[in-house]
Structure formats: C-alpha cells, structure tokens
Protein chains: 2
Amino acid sequence: MRKGDLTRQAILDRATGLASKVGLEGLTIGALATELNLSKSGLFAHFHSKEALELQVLEHGAAVFVERVVRPSLAQPRGEPRMRALFERWLGWAQSSPLPGGCLFVQAAVELDDRPGPVRDRLVQFQRQWLAVIVTSLELGIEVGAFHNVADPEQFAQDMYGVMLAYHHASRLLRDPRAEARARRAFDALLHAALVPNEKHR
Amino acid sequence: MRKGDLTRQAILDRATGLASKVGLEGLTIGALATELNLSKSGLFAHFHSKEALELQVLEHGAAVFVERVVRPSLAQPRGEPRMRALFERWLGWAQSSPLPGGCLFVQAAVELDDRPGPVRDRLVQFQRQWLAVIVTSLELGIEVGAFHNVADPEQFAQDMYGVMLAYHHASRLLRDPRAEARARRAFDALLHAALVPNEKHR
DNA sequence: GACGAAAACGAACGTTCGTGCTATTCTTCA
DNA sequence: TGAAGAATAGCACGAACGTTCGTTTTCGTC
C-alpha cells in the first residue's frame with residue numbers, strides 16, 4: 001500500500017509538468033508512461049480513467065499552488081506586504097521548474113472554458129477560491145488601513161489577474177524578456193492606486 | 001476554379017469558429033467535414049496537410065480581425081477616440097458570433113506557446129503586428145498631444161492586453177457577467193493615466 | 001522462506017487521427 | 001454540347017488514443 005502511493009505521486013508530479021506544456025487534454029497516458037519508464041497499463045491502473053487522471057492532476061497542482069504561493073503569503077502581515085507576497089509568489093509559480101510550460105491553470109483555463117464536465121467544474125472551483133484569497137487579502141488590508149475602501153474589490157482581483165495573464169502571454173508566446181519587469185510595474189501601479197496616502201509616501 | 005474557392009472559404013469560416021472552441025490542435029478534419037457535409041478526403045484535398053489547414057485558419061482569422069477591428073479603428077481620429085475604438089472593437093471581436101469559443105488567438109497563444117513550428121511562428125508574427133498597432137496608436141496620440149509622453153509605450157500595450165485577457169478569463173471560464181464592465185473600468189483607468197490633464201477634464 | 005496482496009506488465013480491443021490512393025461527379029469553357 | 005479539368009467521394013493504411021484482460025513480478029507480513 002505504500003509503494004503504490006509513492007509512484008502515484010511521482011506520476012502526478014510528472015503529469016503536472018507535462019500538462020503545463022500540452023494541456024490536460026494533450027496529456028497522454030502513453031507519453032506519460034514512457035517518460036516514467038512505466039507500462040501504459042501499469043500507469044493506467046492507478047487512475048481508472050483518463051478523466052480521473054486529469055482531475056487528480058488538477059488536484060495535485062492546486063495543492064502545490066497552495067503550499068508554494070498561498071500559505072507563505074498568508075504568513076506575511078496584512079496590507080501591502082501580504083499583497084506583494086501573493087503577487088511575487090504567483091509570478092514565481094508560473095516560472096517554476098516543475099512547470100516547464102508555464103502556469104498549469106492558465107493552460108487549463110483556456111482549454112476547458114468551452115468543455116463542460118467535472119474537470120472544468122473543479123477548475124472553476126479552484127479559480128474562485130484563488131480569487132477569493134486575493135479579494136479577502138485586499139479587504140483585510142482595508143480593515144488594517146493600508147488600502148482605500150474600494151467599491152468593488154473584485155475589480156482589483158480581475159486587474160491583478162490581467163497583469164499575470166499579460167505577463168504569461170508576453171513571456172511564453174512572445175519570449176519578451178521585458179515582460180516580467182513590465183508586470184511588476186503594472187502591479188505597482190495597481191497597488192499604488194489602492195494604497196492610502198500616508199502609506200504611499202513612507 | 002471558382003467553386004473550389006467558395007467551399008474553401010466556407011471551410012475556413014467554420015474552422016475558425018470551431019478552432020476558437022477546441023484550439024487549432026483540437027480541430028479535427030473529420031469533425032470539420034461532417035459539420036460541413038463533406039467527406040473527410042474531400043475536405044482534406046483543399047489543404048494538403050493538417051498543418052497547412054491550421055496555418056490558413058490562422059491567416060483567415062487574422063484577415064477577419066484586421067477587417068473588423070483594426071481597419072475601422074484606424075478610421076477614427078488619433079488620440080483617445082482611436083484608442084477607445086481599438087479596445088471596444090477588440091472586446092466585440094472576442095464575443096462575436098463566428099467565434100463561439102472566444103478569441104481564436106487567445107486559444108492559439110496558450111496552445112502554441114510551447115510547441116515550436118511554423119504555426120507558432122506565424123502566430124507570433126500576428127501578435128507582434130497587433131501589439132505594434134497598439135503601440136503606434138499610442139505614439140500617434142502622443143504626437144497629437146492627447147497622451148503624455150511615456151517612457152515605455154509597450155508597457156501600455158502589455159497592460160491593455162492584460163485587461164483583455166482578464167476579461168476573457170473571467171467571462172469565458174468563470175462566466176462572470178460583471179467581467180465586461182470591469183474590463184471597461186480597467187481600460188478607462190489605463191487610458192486616464194495616459195491622458196494629458198486638459199484632455200482629462202474636458 | 002512462504003504466502004496473499006498489491007503493483008506492474010504485455011498484448012489486444014475498438015475507435016479516431018492524418019494521409020494517401022483511385023474513382024466518380026460536377027464545372028467550366030471552347 | 002462535349003471534352004478537359006477541377007472538386008468531391010470512397011476506401012484503405014499505419015499510428016496513436018483510452019481501455020480491458022490475464023499474467024507475471026514485486027512487496028509486506030507471518
């Protein structure tokens with residue numbers, strides 16, 4: 001019972017990286033098996049369908065995301081530091097070595113936006129949770145007095161998402177080395193607009 | 001020689017819409033053929049490979065994009081009107097009925113960012129051209145005195161792209177009906193920051 | 001060391017993919 | 001109107017897909 005979980009984890013690790021390149025649909029059991037020196041059927045036995053594999057890849061990716069981005073950021077003090085931590089770690093996540101194809105969720109989001117089913121549903125759930133983290137962090141910053149009281153906190157979340165997606169696009173498709181610096185500038189502007197004056201010029 | 005071009009055009013029209021849903025790779029000759037009441041081989045004969053079909057779909061999409069977004073916008077006067085026209089028509093493009101899966105290029109960009117080849121190369125070329133249109137429109141607006149002289153016009157282009165991508169994400173994946181209004185607000189803020197003061201309070 | 005269970009394998013399945021052929025039908029133009 | 005040529009259909013192919021099955025290897029426990 002132990003050995004099985006070990007290889008299952010190894011499979012999911014590799015599958016997450018592969019899916020970041022080719023997508024969940026592009027992920028192939030045969031290719032994944034050869035990459036891991038496993039037989040197709042041996043790998044397949046761990047998950048009992050392709051869809052179950054896709055779901056578990058998503059689940060695995062989300063767990064890593066929480067551990068590497070969300071949790072350490074929530075350890076930062078409320079307000080500007082926490083907000084910056086979220087952004088910086090989000091950027092780092094999209095470049096991390098286990099994700100050679102960029103953010104798994106960006107790939108999955110575009111791929112699944114028109115294909116109903118449990119995989120899409122789970123992804124939407126994850127995205128909503130992540131947006132909620134951003135919104136809540138902003139609202140906590142408002143409570144603490146770091147940010148202005150804004151009418152629509154979700155506007156900030158969508159804007160922040162845009163900065164990230166634009167970075168992803170410019171960096172991964174256009175291979176523009178200035179994309180990262182521009183993403184930071186854009187986020188700075190976003191944050192600057194939300195900061196209350198005394199925080200602004202400290 | 002006339003009939004052939006006619007059906008070829010019909011094929012490309014339908015293929016563009018289908019590809020906006022399932023991507024260029026997900027686009028399948030068999031599915032496309034049945035949708036058009038054609039035989040697989042009959043359709044295939046028009047393009048001599050899948051890759052050629054993908055390239056022509058991209059070409060076709062770009063031509064429609066120029067005709068529906070770029071050209072009418074460039075008919076607007078320089079400065080704010082032209083910039084707003086570009087944005088509005090870009091938004092409209094992503095929602096247009098021949099693209100049931102959203103912007104074809106967003107789908108293709110994510111799909112191709114890790115798969116080298118001529119299709120990716122062509123897409124990158126298109127994206128660069130489109131960014132150049134945005135940058136040039138901004139620079140012309142500066143010349144005319146509508147916008148501040150900014151250090152990095154491409155920053156504006158990347159930010160504008162981000163607004164669009166965030167809209168796409170919130171709208172298509174999360175089905176958030178407020179996504180469009182937020183996109184407009186975000187673009188307004190972007191434009192407002194670039195406008196020179198006398199233009200700002202007119 | 002032996003035994004039961006878990007894990008991995010190898011071969012085969014039905015289907016679909018892109019891609020070639022060879023006919024057949026339809027257009028076009030002298 | 002009839003011949004030339006383009007457009008489409010029909011059929012078959014090899015490869016890859018997810019999936020199933022029976023067998024073999026490996027593991028954990030007594």
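Helices here are DSSP runs of H or I with at least four residues, strands are E runs of at least two, and both are numbered from the N terminus. On that basis, chain A reads α-α-α-α-α-α-α-α-α-α along its sequence, which comes to ten helices and zero strands. What you're looking at is a predicted model, in which local features need pLDDT of at least 70, side-chain atom pairs count only at pLDDT 80 or more, and totals for chains, interfaces and linings use all residues. Residues are numbered from 1 along each chain as its sequence is written, while chains are lettered from A and ligands numbered from 1 in the order in which they are written.

**Chain A overall**

- The C-alpha trace of chain A spans about 60 × 35 × 30 Å along its principal axes.
- Of the 202 residues in chain A, 39% are buried (20 or more other C-beta atoms within 10 Å of a residue's own; 12 or fewer makes it exposed, anything in between partly exposed, with C-beta atoms placed from the backbone).
- Take the contacts in chain A with a separation of 6 or more: 60% of them join residues 24 or more positions apart. Contact here means that the C-beta atoms of two residues, placed from the backbone, lie within 7 Å.

**How the two chains relate**

- Two copies of a chain are related by a rotation about an axis and a shift along it.
- Here, a turn of 180 degrees and a shift of 0.0 Å along the axis lay chain B on chain A with an RMSD of 0.0 Å. That's the relation of a two-fold axis.
- The superposition is by least squares on the C-alpha atoms of residues with pLDDT of at least 70 in both copies.
- Gly162(B) is the residue of chain B that comes closest to the rotation axis, with its C-alpha at 2.0 Å.

**Where chains A and B meet**

- Chain A and chain B each put 29 residues into the contact.
- On the side of chain B that touches chain A, at least two residues each come from helix 6 (104-112), helix 7 (118-144), helix 8 (153-173) and helix 9 (179-194) of chain B.
- Helix 8 of chain B has the largest share of that side, with twelve residues.
- By class, that side of chain B splits into 13 nonpolar, eight polar and eight charged residues. (Ala, Val, Leu, Ile, Met, Phe, Trp, Tyr, Cys and Pro count as nonpolar, Asp, Glu, Lys and Arg as charged, and the others, Gly among them, as polar.)
- The copies meet through the same surface, because 100% of the interface residues of chain B are also interface residues in chain A.

**Helix 6 of chain B**

- Helix 6 of chain B is mostly covered, with nine of its nine residues buried. Among them are Leu104(B), Phe105(B), Val106(B) and Leu112(B), and also Gln107(B) and Glu111(B).
- The cover includes parts of both chains: helix 6 (104-112) and helix 8 (153-173) of chain A, plus helix 1, helix 4 (50-74), helix 7 and helix 8 of chain B.

**The DNA strands**

- Around DNA strand C there are 22 residues, and Gly4(A), Ser41(A), Gly42(A), Gly30(B) and Lys50(B) come nearest. To count as near a strand, a residue needs its C-beta atom, placed from the backbone, within 6 Å of it.
- Elements giving two or more residues to the surface near strand C are helix 1 (2-26) and helix 3 (40-44) of chain A, along with helix 1 (2-26), helix 2 (29-35) and helix 3 (40-44) of chain B.
- That surface near strand C has seven nonpolar, nine polar and six charged residues.
- DNA strand D also has 22 residues around it, and the nearest are Gly30(A), Gly4(B), Ser39(B), Ser41(B) and Gly42(B).
- For strand D, at least two residues each come from helix 1, helix 2 (29-35) and helix 3 of chain A, and from helix 1 and helix 3 of chain B.
- The surface near strand D has six nonpolar, ten polar and six charged residues.

**Single residues worth a look**

- Arg89(A) sits in helix 5 (residues 80-95) of chain A and is partly exposed, with 19 other C-beta atoms within 10 Å.
- Beyond its neighbours within four places in sequence, Arg89(A) contacts Arg68(A), Val69(A), Pro72(A) and Ser73(A).
- Most residues other than glycine have a negative phi.
- Asn37(B), not a glycine, has a positive phi of about 55 degrees. Asn37(B) lies in the loop between helix 2 and helix 3 of chain B and is exposed, with 7 other C-beta atoms within 10 Å.
- Arg175(B), not a glycine either, has a positive phi of about 55 degrees. Arg175(B) lies in the loop between helix 8 and helix 9 of chain B and is exposed, with 10 other C-beta atoms within 10 Å.
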